[in-house]
Amino acid sequence: MMKGFMKKHPETGTGRTLKRAAAALREGGGIPDGLFRKCEVCGEISDTEAVIAAYHTCPACGHYFRIPPAGRLSMLLEPGSFEEWDMMMPASDPLSFPGYQEKISSYRGATGLDEAVVTGCGVIQGCRTAIGIMSGDFLMGSMGAVVGEKVTRLTERATQEGLPVILFCCSGGARMQEGMISLMQMAKTAQALKRHEQAGLLFVSVLTDPTMGGVTASFAMLGNVILAEPGALIGFAGPRVIEQTIGQKLPEGFQRAEFLQEHGMVDKIVPRNRLRQTLGFLLKSWERTERNGHETAGGLHALEEATSEDSPLSAWDRVRISRSQARPTALQYVGAVFERFLELHGDRAYGDDGAIIGGIAEIAGRYVTVIGQQKGRSAAENRRRNYGMPQPEGYRKALRLMKQAEQAGRPIICLVDTPGAFCGPEAEERGQGEAIASCLAEMSDLGVPVCTFLIGEGGSGGALALSLANEVYMLENAVYSILSPEGFASILWKDAKRAREAAGLMKITAAEQKKLGIIDGIIPEPKDNGVTVETLKETADTIRTTIVDFLERYEEMDGAAVRNQRYERFRKF
Ligand SMILES: [Zn+2]
């Protein structure tokens with residue numbers, strides 16, 4: 001694993017203590033001349049300085065080298081901010097396993113580390129955080145009692161001090177030489193992290209190559225946000241074990257970070273050069289700060305005045321406009337309304353549904369969770385987005401992000417644009433009805449305020465699943481209905497061609513919904529054909545003002561008041 005020619009480099013930690021290595025880095029002169037690193041993928045030999053400048057990647061092919069803890073800390077933390085915790089804990093050897101103590105000693109000598117994890121606290125982009133970095137070079141980063149204890153103490157102290165936790169995972173799994181005591185570390189770390197979560201604190205798990213076995217099956221997969229490095233091998237059973245079990249070769253890319261994101265297990269794959277920024281954004285989005293310097297907002301009154309009832313457009317005209325390909329999609333609104341947006345993926349169970357997007361956004365100095373239904377604007381994108389018709393895993397992603405928002409105390413903004421939830425056999429197999437019902441039940445219990453905007457089609461239960469909100473707004477040409485007019489005509493009159501007539505009867509326009517008390521306000525659109533990508537700015541500005549005004553109105557309300565207000569809103573129907 002450790003190459004001879006790397007031995008004296010400070011960032012490898014080799015042959016020195018971590019502290020001395022870190023000190024050498026701080027002094028800035030810690031990179032001796034004449035050191036090179038060979039890439040195990042392309043064979044290129046590069047100057048170590050160039051490798052470090054490229055965030056420990058191969059300058060020739062981009063391959064990710066394993067980063068020792070000191071290098072990782074210096075990449076992420078503000079210089080001089082790291083304070084190490086729980087150094088030099090006595091080694092554990094519960095089985096008195098032959099040769100184990102000698103092995104630990106030799107790894108200590110070779111790596112300059114006392115165990116397979118370094119823990120402490122430091123500052124990332126102005127935010128103080130507890131942080132732990134595992135080292136794959138120390139007995140394959142395996143988790144014995146000392147690793148489990150250090151991670152647990154880090155978490156417990158963070159809970160006490162109200163700090164977030166960031167853990168960089170790199171591990172072959174539980175440490176065999178410590179038998180059942182190793183297995184118990186999975187339980188110990190998981191329960192400490194549960195308490196940390198219950199305190200409303202953020203835990204970010206960053207999965208690096210490789211993260212396997214008992215570490216995957218405990219703290220690595222418990223992040224409120226789970227990030228991964230590109231190409232990292234992540235799994236429970238190792239590829240060789242799986243291949244032996246099934247007697248087949250595994251396909252290329254199996255258990256890689258990209259595979260995990262596609263299967264809903266990872267929030268986001270973040271390249272190394274973006275990690276510090278991404279972590280900084282996440283840390284800030286979990287802080288409950290006092291706000292001032294509010295934008296002034298016109299709010300409800302301005303919107304009500306915009307309601308026009310003598311428009312020449314018929315209900316059917318609006319149905320056609322709401323489905324128009326020229327209309328902006330949810331992600332285009334996100335780009336126009338918010339300053340920054342970090343998209344998060346997956347339901348942590350099955351997949352990442354392209355028909356629902358979600359993440360954390362910044363607006364006027366505040367952080368909100370945004371969840372939207374996403375249509376495509378090209379054939380390929382429409383296939384990927386399933387024409388904006390979510391699958392159960394889409395609703396479960398929305399649900400996960402709502403719970404995450406609740407845990408962080410962050411308000412939620414939903415953008416609805418769907419013909420309806422997907423109707424297909426596979427959606428039924430995975431519980432489409434259950435997924436929508438759970439969204440409704442869980443939304444009703446959120447202590448954070450929720451504001452929903454219907455931006456296009458609001459089709460049935462698939463739209464309602466994101467609309468059990470404290471306030472609901474519709475764009476002037478959006479529609480909101482129990483069923484599509486075609487479906488309605490087909491069921492009631494056995495004639496889908498009478499959709500235009502049905503649309504007129506169903507009371508699906510924004511003005512009609514406002515009269516029924518289903519929505520709270522109407523966002524005006526440009527005359528005639530409504531909002532398009534070209535005219536998006538004006539409409540987006542109104543949505544932005546409405547959101548900021550909403551956030552200000554709910555800012556002082558406690559969780560119980562927010563829940564009650566929402567309960568009464570829907571109780572009246
Ligand atoms: Zn290379």
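**Open sheet.** I looked up the strand order first and found that 7 strands form an open sheet in the order 3-4-5-6-7-8-9, with mixed pairing; I take two strands as paired if DSSP finds at least two bridges between them, and helices (H or I, at least four residues) and strands (E, at least two) are DSSP runs numbered from the N terminus. Strand 3 (83-85) and strand 9 (268-269) stand at the edges with a single partner strand each, so one side of each is left without a neighbour in the sheet.

**Basis.** I note that this is a predicted model, in which local features need pLDDT of at least 70 and side-chain atom pairs count only at pLDDT 80 or more, while totals for chains, interfaces and linings use all residues. Residues are numbered from 1 along each chain as its sequence is written.

**Strands 5 and 6.** I then followed strand 5 (residues 127-134) to strand 6 (residues 165-171), and found the two running parallel and joined by 4 bridges, with I131 opposite I166 in strand 6.

**Helix 6.** I checked the length of helix 6 (residues 179-198), whose 20 residues should span 28 Å at 1.5 Å a residue, and its end C-alpha atoms are 30 Å apart, which agrees; the expected span is 1.5 Å times one less than the number of residues. Its buried residues are S182, Q185, M186, T189, A192, L193 and H196, where buried means that 20 or more other C-beta atoms lie within 10 Å of the residue's own, exposed means 12 or fewer, and partly exposed lies in between, with C-beta atoms placed from the backbone. These buried residues cover an arc of only 150 degrees around the axis, which puts them on the same side of helix 6; the arc is that of the directions from the helix axis to the C-beta atoms. On the face turned away from the buried side I find the exposed residues M180, A187, R195 and Q198. What covers the buried residues includes helix 5 (145-161), strand 6, strand 7 (203-211) and helix 7 (213-216). Just after helix 6, G200 takes a positive phi of about 75 degrees.

**Strand 12.** I turned last to strand 12 (residues 366-373), which is mostly covered, with 7 of its 8 residues buried. Strand 11 (residues 356-363) runs antiparallel to strand 12 and is joined to it by 8 bridges, and I357 stands opposite G372. Their hairpin has 2 residues between the strands, and A364 takes a positive phi near 45 degrees there. Strand 13 (residues 412-418) runs parallel to strand 12, joined by 4 bridges, and I413 in strand 13 is the bridge partner of V370.

Conventions:
Contact = placed C-beta atoms within 7 Å.
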